Amino acid sequence: MCTVCGCGEGETTIEGHEHQHDDGHSHSHVHDHHEHGDHSHDYGQGAAHAHAPGLSQSRMVQIEQDILSKNNQYADANRRYFSEHGILCLNLVSSPGSGKTTLLSETIKGMSDQHSVAVIEGDQQTALDADRIRKSGARAVQINTGKGCHLDAHMVAHAMADLQLLRGSMLFIENVGNLVCPAAFDLGEVAKVVILSVTEGADKPLKYPDMFHAASLMILNKTDLLPYVDFDVAACCDYARRINPGIKIVQLSATTGEGMQQWYDWINAQCKIAQTGLSEAG
Amino acid sequence: MHEMSLCEGVLQVIEDSAAAQKFSQVKTVWLELGRFACVEPEAMRFSFDVVMKGTLADGAKLELIDLPANVWCLSCSKHIDIEQRYDACPSCGDYQLQISGGEEMRIKQLEVE
């Protein structure tokens, strides 16, 4: 069992962490303090097989507890950490192929002279995305969820411990490419940013309403391709606002740089809010 | 398989309360699911059986309670019922709706031995 939080074994891996357990499960924990940003963790979700013999009479037990309460506790702890340290944490969600990683690496290039940026990369397998992010100049940790379809707050807490985030910095979490499950899992982020590219359908907000409902900002990416595709921007924005009347929308192309300034402006505004009340000391 | 992780969450809560409430077997689990909770009942039932195998809730019955959302139509000034988050008001066709709740995923109670 993991000593940080008592987590069990499973399919998830975070770069750089591995240990072996008596029960035949393993996760990795390599602690290399000279190479921050090059870690991976291995998680699991094993059951605690509690077999208690003996019979008693059937009775009712009132639980009234949220199924995601464990996740929400970790998320609250993460959020509190971000708040205390003035860290802006954004959870980037989209379907696969919307250009999240390109947007992120361009954002890092565009903003890292003013901000310290760290990235948590979530993918089912491989550390390819974390490698790409590191090349653009930010520290990154890759989480591989194995069979999982989303990141949870507990995986993020481990990755945060590796990243040793600076006060007043920015943390981007690139969630697993999936417009369904990540909507339900609070990671402790300040806001969810949903990225939709114009090569997808304009009706995605209606098809995946939960995600667009949960997001504070929608980025319409790859606008440089608009002349070549049949994508109704106005309809898409209308659908998104039908699901979430308060959602902000930024249109940009991470490849050409068009519209990126609006995105930076939004981030800077969020950063200011995150850093409000943060004292210089400590 | 998002429902699979949810069922693992259910199992964790069950195991925690088994220690606290001193029971060794779960016969029935009642789950309250909000209509907009992004949970597919059939997938939930399937995952539930798989996840509970070999645990103290092996073979337990799963009872799902559907919780409608509380929806207020600003145009009609009345409570209405909708099936999906993007639905219009069935009376006036307007989308100006205030939705509260409907995202619940709660373990209500257990029948235990």
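Select residues 2-21 of chain B, which form helix H1, together with residues 41-52 of the same chain, which form helix H2, and you will find two helices that pack with their axes 8 Å apart and at an angle of about 50°. Keep in mind, as you look, that this is a predicted model. Angles from 65 to 115 degrees would count as roughly perpendicular and those under 35 degrees as roughly parallel, and H1(B) and H2(B) are therefore described as oblique to each other. If you turn the view until one helix lies in front of the other, you can follow how H1(B) passes H2(B) in a right-handed crossing.

Next, display the side chains where these two helices meet. On H1(B), select B:Glu3, B:Met4, B:Leu6, B:Cys7, B:Glu8, B:Val10 and B:Leu11, and on H2(B), select B:Ala43, B:Met44, B:Ser47, B:Phe48, B:Val50, B:Val51 and B:Met52, for these are the residues that make the contact. Which kinds of residue are brought together in the contact of H1(B) with H2(B), nonpolar, polar or charged? Colouring them by type will show 11 nonpolar residues, one polar residue and two charged residues.

Stay with helix H2 of chain B for one more stop, and select B:Pro41, which is found in this helix. Is B:Pro41 buried, partly exposed or exposed? Its relative accessibility is 35%, and because buried means under 20% and exposed means over 50%, B:Pro41 counts as partly exposed. Now add B:Asp66 to the selection and draw a line between the two C-alpha atoms: B:Pro41 and B:Asp66 are 25 residues apart in sequence, while in space they are 9.5 Å apart.

Then widen the view to the whole of chain B, where you can trace two helices and six strands. Starting from the N terminus, you will meet these elements in the order α-β-α-β-β-β-β-β. Chain B has 113 residues, of which 46% count as buried, and its accessible surface comes to about 5300 Å², with 47% of that belonging to carbon and sulfur atoms. Among the contacts in chain B between residues at least 6 apart in sequence, 72% join residues at least 24 apart.

Finally, select chain A, in which there are eight helices and 12 strands. How many residues does chain A have, and what percentage of them are buried? Chain A has 282 residues, and buried residues make up 53% of them. A surface display of chain A will show what the chain exposes, about 12500 Å², and carbon and sulfur atoms supply 50% of it.

Notes. Residues are numbered from 1 along each chain as its sequence is written. Chains are lettered from A and ligands numbered from 1 in the order in which they are written. This is a predicted model: local features need pLDDT of at least 70, side-chain atom pairs count only at pLDDT 80 or more; totals for chains, interfaces and linings use all residues. Side-chain values use heavy atoms; hydrogens and water are left out. Axes are lines fitted to C-alpha atoms, for helices over the stretch in contact, and angles run from 0 to 180 degrees between N-to-C directions. Helices (H or I, at least four residues) and strands (E, at least two) are DSSP runs, numbered from the N terminus. Angles under 35 degrees count as roughly parallel, over 145 as roughly antiparallel, 65 to 115 as roughly perpendicular and the rest as oblique. A crossing is left-handed if the near helix is turned anticlockwise from the far one by less than a right angle, and right-handed if clockwise. Contact means heavy atoms within 4.5 Å. Ala, Val, Leu, Ile, Met, Phe, Trp, Tyr, Cys and Pro count as nonpolar, Asp, Glu, Lys and Arg as charged, and the others, Gly among them, as polar. Buried means under 20% relative accessible area, exposed over 50%, partly exposed in between (1.4 Å probe, protein chains only). Accessible areas come from the Shrake-Rupley method with a 1.4 Å probe; for residues, only the protein chains shown count as cover.
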